[in-house]
Amino acid sequence: MPELPEVETARRAVDRAARGKVVRTVWVAEDRIVFEGVPADRFVAALTGRRITGSDRWGKHYWLAFEGRPWLVFHFGMTGWTHVYADDSERPKFLKLELELEDGTRIGYRDPRRIGRVRLRDNPREEPPISELGFDPLHGLPPGKVFREEFARRKAPIKAVLLDQSFSAGVGNWIADEVLYQAGIDPRRRADTLTASETARVRAILKKVIGLAVKVGSDDARFPRTWLFHYRWGKTRGAVDGRGRAIRFTAVGGRTTAWVPDVQR
DNA sequence: CTCAGTGTTCAGTG
DNA sequence: TCACTGAACACTGA
């Protein structure tokens, strides 16, 4: 379930377990898709024996920084994840890459559907694909003026614009729906029809939703009960939000969109 | 067996 | 060229 908050949560867990430690051994699956054609032995050669110094994230990508280069960049797709564990008995299925650290801790990347990607980059933030991304809402939002100008020149549905990673990196399907629900905006509206105050609401709520989700470690049980998040899954017939209003499911921007017509105009 | 899916990319269209 | 749309990708689980 990896949008910005989930990726940030995964990054923090791995950072805590790995920061300052040397990689003792590296295991990598042969997988032309996840590794984009880079052979396993190149990852082994690049990472074995190197010390992890920290980590960072932009949008839905996060990376481990080492002394020297290159660094190791993860993207989760829809089903990827990084795991921290102590020994082989806990090794996850569909494992693609595993770092065994000097103290025996293991960092594993798994992805059953192989839609995620693992890359080596010298400067992740400066090189594709991360260099192509827009702002990261947790690192800081652009001024309201930038939102107004961007929306004004866009004819796509507002939901599609929020999902566009070259605008707001890290926003995925549930966050886009949650923001538009809380802002009271119909997800099908063309972005260029939003008023200044609607645009301001989108900006403020985007910051709030992501900030809170990260603050609670993406533990959805701790998301406020007023959020659409709790009621939107499964396309259930007769689904309602926390106040009993009907939830409608519509394809917008190529994605299943949950929204509440009574609230979103 | 069929189909949806918390994501991204790319061909096709206007 | 650009903005936008929709299908494709790969695979599991419901």
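## A walk through the predicted model

With 11 C-beta neighbours inside 10 Å, E36 counts as exposed, because the limit for exposed is 12 or fewer. This is a predicted model, and E36 is a good place to start reading it. E36 has a positive phi of about 55 degrees, although this residue is not a glycine. Its setting is the loop between β1 (23-28) and α2 (40-47).

**Backbone features**

S218 makes a nice partner for E36 in this tour. Here too phi is positive in a residue other than glycine, with a value near 60 degrees. S218 lies in the loop between α6 and β9 (248-252). Is S218 buried or exposed? S218 is buried, because 20 other C-beta atoms lie within 10 Å, and 20 or more is what buried requires.

Two peptide bonds are also worth a look. The bond from R69 to P70 is cis, with omega near 0 degrees, and P70 is placed in the loop between β3 (61-66) and β4 (71-75). The bond from P128 to P129 is cis as well, again with omega near 0 degrees. P129 is found in the loop between β8 (117-121) and α3 (144-152).

The table gathers these backbone features, together with the glycine that comes after α5.

| Site | Feature | Value |
|---|---|---|
| E36 | positive phi | about 55 degrees |
| S218 | positive phi | near 60 degrees |
| G184 | positive phi | near 70 degrees |
| R69 to P70 | cis peptide bond | omega near 0 degrees |
| P128 to P129 | cis peptide bond | omega near 0 degrees |

**Two domains**

How is chain A divided by the domain assignment? The assignment gives domain 1 (4-132) and domain 2 (144-259). Their C-alpha centres lie 30 Å apart. Where the two meet, nine residues of domain 1 are in contact with 10 residues of domain 2. On the domain 1 side, helix α1 (residues 4-18) gives the most, with five residues. By class, that side of domain 1 divides into three nonpolar, two polar and four charged residues.

**Helices α5, α3 and α6**

Now to helix α5, residues 173-183. How many of the residues of α5 are buried? The helix is mostly covered, with 11 of its 11 residues buried. Among them are W174, I175, V179 and L180, but also D177, E178 and Q182. The cover over these buried residues includes α4 (158-163), α6 (196-215) and β10 (255-259). After α5 comes G184, with a positive phi near 70 degrees.

Besides helping to cover α5, helix α6 packs against α3. The angle between α3 and α6 is about 115 degrees, and their axes are 10 Å apart. The crossing of α3 past α6 is right-handed. Which residues meet there? From α3 come G144, F147, R148 and F151, and from α6 come A196, T199, A200, V202 and R203. The classes in this contact are five nonpolar, two polar and two charged residues. R148 in α3 and R203 in α6 are the charged ones, because Arg counts as charged.

**Loops that meet distant parts of the chain**

S166 sits in the loop between α4 and α5. This residue is exposed, because S166 has 10 other C-beta atoms within 10 Å, and 12 or fewer counts as exposed. Even so, S166 has partners from elsewhere in the sequence. Leaving aside residues up to four places away, S166 touches E132, L133 and G134. The C-alpha atoms of S166 and E132 are separated by 6.2 Å, while the two residues are 34 apart along the chain.

D103 tells a related story. D103 is found in the loop between β6 (95-101) and β7 (106-110), and counts as exposed with 11 C-beta neighbours inside 10 Å. What separates the C-alpha atoms of D103 and K21? The separation is 7.8 Å, for residues that are 82 apart along the chain.

**Around DNA strand C**

The last stop is the DNA. The residues that surround DNA strand C include I33, the run P112, R113, R114 and I115, and also R154, K155, A156 and P157. A160 and G254 belong to these surroundings too. By class, the surface near DNA strand C has six nonpolar, one polar and four charged residues. The four charged residues are R113, R114, R154 and K155, because Arg and Lys count as charged. G254 is the polar one, because Gly is counted among the polar residues.

How values were computed. Residues are numbered from 1 along each chain as its sequence is written. Chains are lettered from A and ligands numbered from 1 in the order in which they are written. This is a predicted model: local features need pLDDT of at least 70, side-chain atom pairs count only at pLDDT 80 or more; totals for chains, interfaces and linings use all residues. Helices (H or I, at least four residues) and strands (E, at least two) are DSSP runs, numbered from the N terminus. Two residues are in contact if their C-beta atoms, placed from the backbone, lie within 7 Å. Axes are lines fitted to C-alpha atoms, for helices over the stretch in contact, and angles run from 0 to 180 degrees between N-to-C directions. A crossing is left-handed if the near helix is turned anticlockwise from the far one by less than a right angle, and right-handed if clockwise. Domain bounds come from an automatic or database domain assignment. A residue is near a molecule or strand if its C-beta atom, placed from the backbone, lies within 6 Å of it.
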